[in-house]
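Please walk me through how enclosed space and nonpolar packing are read from a protein model.

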Amino acid sequence: MTLTLLLFVFVLAAFLGFELISKVPSQLHTPLMSGSNAISGITIVGALIAAGRADGDTLALILGFSAVVLASINVVGGYLVTNRMLSMFQNKEKGGPS
Amino acid sequence: MNHLFLPELFTQKTIEAMNLAMTTEPGVLLNMVNLTYIVAAILFIFGLKLLGSARTAPRGNMISATGMLLAVGITLLDQQILSYTVLAIGVFLGATIGAVAAYKVRMTGMPEMVALFNGFGGMASLLVGWSEWHFLAGLPIAAMSQPLPFSQSVIALAVLIGGITFTGSLMAFLKLSGRISGRAVVFPGQKLINLAVATVIVGAMVAYVFIGQTGAAYPVFIGLLLLALTLGILGVLPIGGGDMPVVIALLNSLSGLAAAAAGFAIVNTVLIVAGCLVGASGLILTVIMCKAMNRSLGNVLFSGFGSAANSGPKGAVQGEMKPISCQDLYYVLESANRVVFIPGYGMAVAQAQHLVRELGEILEQNGTEICYAIHPVAGRMPGHMNVLLAEADVPYDQLQELAPINAAMEQTDVAVVIGANDVVNPAASDDPASPIYGMPIINAHKAKTVICLKRGQGAGFSGLKNELFFRENTRMYYGDAKSSIQNLVSEFKET
């Protein structure tokens, strides 16, 4: 039962994703990509659980810790770099002649 | 902002109190966690939606970051977490590296940065899958919440997709940053080898699930992992620099799917939803990029486009390239009423975007109407030129997409091609024998005069000769784009 439900969630999310992003101006392609890239860092949730429960098991600890570090780079770096890019677009719109 | 990611928000006391509440009423916390995950998923959805329009995009990014913060925060209350020290160190380390990288990267280095972040996300999903397997391998079957074959299948998928994403992104990073050649690398039997690796991977996945928990499962699992990493390298090897926008978008999609697979493995809905959203958005971008080149995804991935072997003497071009001096070019531009700049990857490499903007402003003051023609696949990632020109403070209303710019090309006095090649190659529209035939291009050749800035006389990334350079109305302005334009700007300032 759980499996079917998870699959159901997955399929709905896929359709939602396609609907959400089907019309994005090309100006925003890069920020959209790096912003969604940051979202894929959601795997940090799994990494935290994996690292947190690895009490005493060295391999589990190494795996979990590496996952936390890499996912954190992905999340923090991804959001900040997107933010930096978007603020560039914003500044220009304020200062521009349009 | 970084400090928000640290679990210090949740002091040891709160956690103990939570744990206490949990031991008395186990269902309460679980519900709270899952409800928070739903809120986080909603924030991701709104965030992505708002990222779709320039006005709301910064807010969208903040909303999505808030969702992430919520998801991370509530996860720290998870019952299974025993030690917070490791988590604090790991998050702090990752957040610091990520923040420093995000602030230090130059806009011209953005494609490789995005590729690298992407790869890290994929690797993290692989590691989550691995540690879940490590956990299950020592667990009695009776204690498992899900049927073992299901867990193994989704773990295998997380490892497979995550592994391909990791090494594939690393290869893209190496190619984009010029640490290895950006050209497509092809060798005899390549497709056969890749097919063999893919087949063995499928076999290993089946074997792994079939073996179950017995002793042989771990070695098969590790073999699968290594094969996935190999396939990522082999897969990106035959893809050349100009096809990178497609590859980056596709890897972005895969990193999301890897997270979703990891979500199935640890039975976590927020991973599934967020990962799947990213998978879908990346796929859409991939399709947009393919359409902009009028090629199928399969052709981009497998044809070895732009390799040395593939770029034979197709389309022998007659004529010669006619150079123009800086001073002559000054006169041409000075008297022009309408000038279109066509930037490409060469402008990014030369970091000439600021000087181009300066030249544009000078021309405007001189009474010339200017605009920039942006091809969707110009550069090395989707939207690359937009980012560079935004960094240089080029007004957004001067950037034009394919259709409007081509409609007005015949009324254009001068088209200035700055380091672009294939996207202005007229062979795409009039030479059916050309490998890029059918790709929508910017019709630079229809302008009255075409000026091409180019470092040397060699062919572009695709290895194709560009007929545009040989046309009657084309003049070549040789040199590094940055110093060439610098000279032009000085010429204008002196006179």
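The dialogue below takes up the cavity, the nonpolar cores and one buried residue.

Q: What conventions apply to this model?
A: The model is predicted, so local features need pLDDT of at least 70 and side-chain atom pairs pLDDT 80 or more, while totals for chains, interfaces and linings use all residues. Residues are numbered from 1 along each chain as written, chains are lettered from A in written order, and side-chain values use heavy atoms, without hydrogens and water.

Q: Which residues line the largest cavity?
A: Rolling a probe the size of a water molecule over the atoms shows where empty space is left. A cavity is a set of points on a 1 Å grid over the protein atoms alone where a 1.4 Å probe fits but cannot get out, and lining residues have an atom within 4 Å of a point. Here the largest cavity holds about 30 Å³, and its lining includes B:L329, B:F341, B:V416 and B:I418.

Q: Which residues touch the most other members of the largest nonpolar core?
A: In soluble globular proteins, nonpolar side chains tend to be buried together. A nonpolar core joins buried Ala, Val, Leu, Ile, Met, Phe, Trp, Tyr and Cys residues through side-chain atoms within 4.5 Å; buried means under 20% relative accessible area (1.4 Å probe, protein chains only). In the core of 169 residues, they are A:I42 and B:F341. Contacts of B:F341 (heavy atoms within 4.5 Å), leaving aside neighbours within four places in sequence, include B:L359, B:V416 and B:I418.

Q: Is B:T286 buried or exposed?
A: B:T286 is buried, with a relative accessible area of 1%. The side chain of B:T286 reaches the backbone nitrogen of B:L250 at 3.4 Å.

Terms used:
On a 1 Å grid over the protein atoms alone, a cavity is a set of points where a 1.4 Å probe fits but cannot get out, and a pocket is an open set with protein on both sides within 12 Å along at least five of seven lines; lining residues have an atom within 4 Å of a point. Grid points are joined across faces, edges and corners, and a volume is the space filled by probe spheres set on the points. Buried means under 20% relative accessible area, exposed over 50%, partly exposed in between (1.4 Å probe, protein chains only). A polar contact is a pair of N or O atoms within 3.5 Å; within protein, one must be able to donate a hydrogen and the other to accept it, and residues adjacent in sequence count only if both atoms are side-chain atoms.
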